[in-house]
Amino acid sequence: MRRLSLLVALCATAALTATAATARAPHPKAAADLPLVGRTIVIDPGHNGANYAHPDEINRQVPAGGFKKACDTTGTATNDGTLSESAFTWDMAKRLRRLLKRAGAIVVLTRHNDHGVGPCINKRAAIGNRANADVAVSLHADGGPPSGHGFHVIRPGVVKGYTEPIVKRSKTLSTDIRDALLDAGLDTSTYLGRRGIDVRTDMGGINLSHIPKVILETGNMRNAADARRLERKRWRERTAVALRDALTKYLAR
Ligand code: ZN
């Protein structure tokens with residue numbers, strides 16, 4: 001906010017001294033620094049820290065796009081139990097929120113801490129729909145086979161009456177995210193998807209979304225090398241920067 005008001009002040013000063021013609025032109029520095037002004041982005045950090053203690057609420061069946069599914073799950077954790085998926089996704093969401101806001105975006109999170117329960121997958125989709133956001137990204141980390149490593153992006157396949165309006169744009173979003181993560185040095189999954197992308201029709205959180213949405217499985221928490229990366233703050237920040245860049249590229253199309 002402070003940075004933004006400083007920019008506005010600088011622009012105002014420039015306008016006073018500029019000619020009428022140049023004063024009408026947009027401030028080039030402001031435009032370049034704030035590429036996401038006017039954009040609303042939903043970040044959906046998977047699971048929640050107290051899900052494990054509330055099985056009745058979490059196992060409750062909710063609409064998932066023509067069928068029903070459990071409200072949520074507890075999520076996974078590293079083998080030594082020191083890092084839970086919900087804590088990881090919460091930290092990543094905060095990093096990404098900071099970067100996106102700095103670029104001018106309005107950011108909506110589907111949960112506001114890591115010690116609550118839910119929300120259910122249908123509510124997570126509804127939050128994005130209600131915000132009339134441009135795009136949504138769900139952040140997760142996988143509990144895959146211990147020998148497998150790497151990230152994959154889950155995009156919606158066609159679910160008649162549900163996902164048709166978002167399939168095409170979500171596909172573009174998935175490739176933009178995959179490419180940015182590859183550029184940042186991450187490896188695509190060795191155990192799921194094709195070149196880092198998996199198409200699914202059983203994910204309620206994307207089936208019920210009216211806005212383009214994908215789920216990122218950032219790495220495999222059950223794989224020792226991935227677990228070490230997921231725990232590293234610098235790795236998380238680099239990954240969040242890549243996600244910001246991918247969203248910026250996607251929204252500029
Ligand atoms: Zn998950």
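In the predicted model described here, N132 counts as exposed, because its relative accessibility of 63% lies over the 50% that marks an exposed residue. This asparagine is found in the loop between helix α6 and strand β5, the strand that spans residues 135–142. The backbone at N132 has a positive phi of about 50°, although the residue is not a glycine. A comparable description can be given for R195, which lies in the loop between α7 and β7 and has a positive phi of about 50° while not being a glycine. R195 is exposed, with a relative accessible area of 63%.

A further backbone feature concerns the peptide bond from G118 to P119, which is cis, with omega near 0°. The proline of this pair, P119, is found in the loop between strand β4 (106–109) and helix α6 (121–130).

The model also contains a zinc ion, which is coordinated by H47 through NE2, by E85 through OE and by H140 through ND1, at 2.0 to 2.1 Å. Along the sequence, the donor residues of the zinc ion follow the spacing H-x37-E-x54-H. The pair of H47 and E85 links distant parts of the chain, since H47 sits in the loop between β1 (40–45) and α4 (55–59), whereas E85 belongs to helix α5 (residues 85–102), 38 residues apart. H47 counts as buried because its relative accessibility is 6%, and buried residues are those under 20%. E85 likewise counts as buried, at 4% relative accessibility.

Charged side chains form a second theme of the structure, and the count of salt bridges comes to 15. One of these contacts joins the side chains of R95 and E237, with a distance of 2.8 Å from N to O. Because R95 lies in helix α5 and E237 in helix α10, this salt bridge ties together parts of the chain that are 142 residues apart in sequence. The two partners fall into separate accessibility classes, as R95 is buried, with a relative accessible area of 12%, whereas E237 counts as partly exposed at 22% relative accessibility. The contact also belongs to a wider arrangement, in which D91, R95, R98, R236 and E237 are linked in a network of salt bridges.

Other salt bridges can be described in a similar way. R178 forms a salt bridge with D179, the closest N and O atoms being separated by 2.7 Å. In this pair the arginine, R178, counts as buried at 9% relative accessibility, while the aspartate, D179, counts as partly exposed at 29%. R200 forms a salt bridge with D202, and here the closest N and O atoms lie 2.8 Å apart. R200 is partly exposed, with a relative accessible area of 26%, and D202 also counts as partly exposed, at 29% relative accessibility.

On the surface, R228, R232, R234 and R238 gather in a patch of positive charge. One of these residues, R238, has its place in helix α10, which covers residues 233–251. R238 is partly exposed, with a relative accessible area of 40%; this value is over the 30% required of a residue in such a patch, so R238 meets that cut-off. Helix α10 therefore carries R238 of the positive patch as well as E237, the partner of R95 in the salt bridge to helix α5.

Two further pairs of residues were examined for their separation along the chain and in space. T163 has its place in the loop between strand β6 (152–156) and helix α7 (164–183), and this threonine is buried, with a relative accessible area of 0%. T163 and L208 are 45 residues apart in sequence, while their C-alpha atoms are 7.2 Å apart in space. A184 is found in the loop between α7 and β7, the latter being the strand of residues 197–200. A184 counts as buried because its relative accessibility is 17%, a value under the 20% cut-off. The C-alpha atoms of A184 and W235 are separated by 9.5 Å, although the two residues stand 51 residues apart along the chain.

Key:
Residues numbered from 1 in each chain as written. Predicted model: local features only at pLDDT ≥ 70, side-chain atom pairs only at ≥ 80, totals over all residues. Heavy atoms only, no water. Patch = residues over 30% accessible without salt bridge, like charges linked within 9 Å, V, L, I, M, F, W, Y side chains within 5 Å. Areas by Shrake-Rupley, 256 points an atom, 1.4 Å probe, with all protein chains shown as cover. Salt bridge = Lys/Arg side-chain N within 4 Å of Asp/Glu carboxyl O. Lys, Arg positive; Asp, Glu negative; His and termini not counted. Charge placed at Lys NZ, Arg CZ, Asp CG, Glu CD. Helix = DSSP H or I, 4+ residues; strand = E, 2+ residues; numbered from the N terminus. Buried < 20%, exposed > 50% of the residue type's maximum accessible area, 1.4 Å probe, protein only. Donors = N, O, S within 2.8 Å, 3.2 Å for Na, K, Ca; no water.
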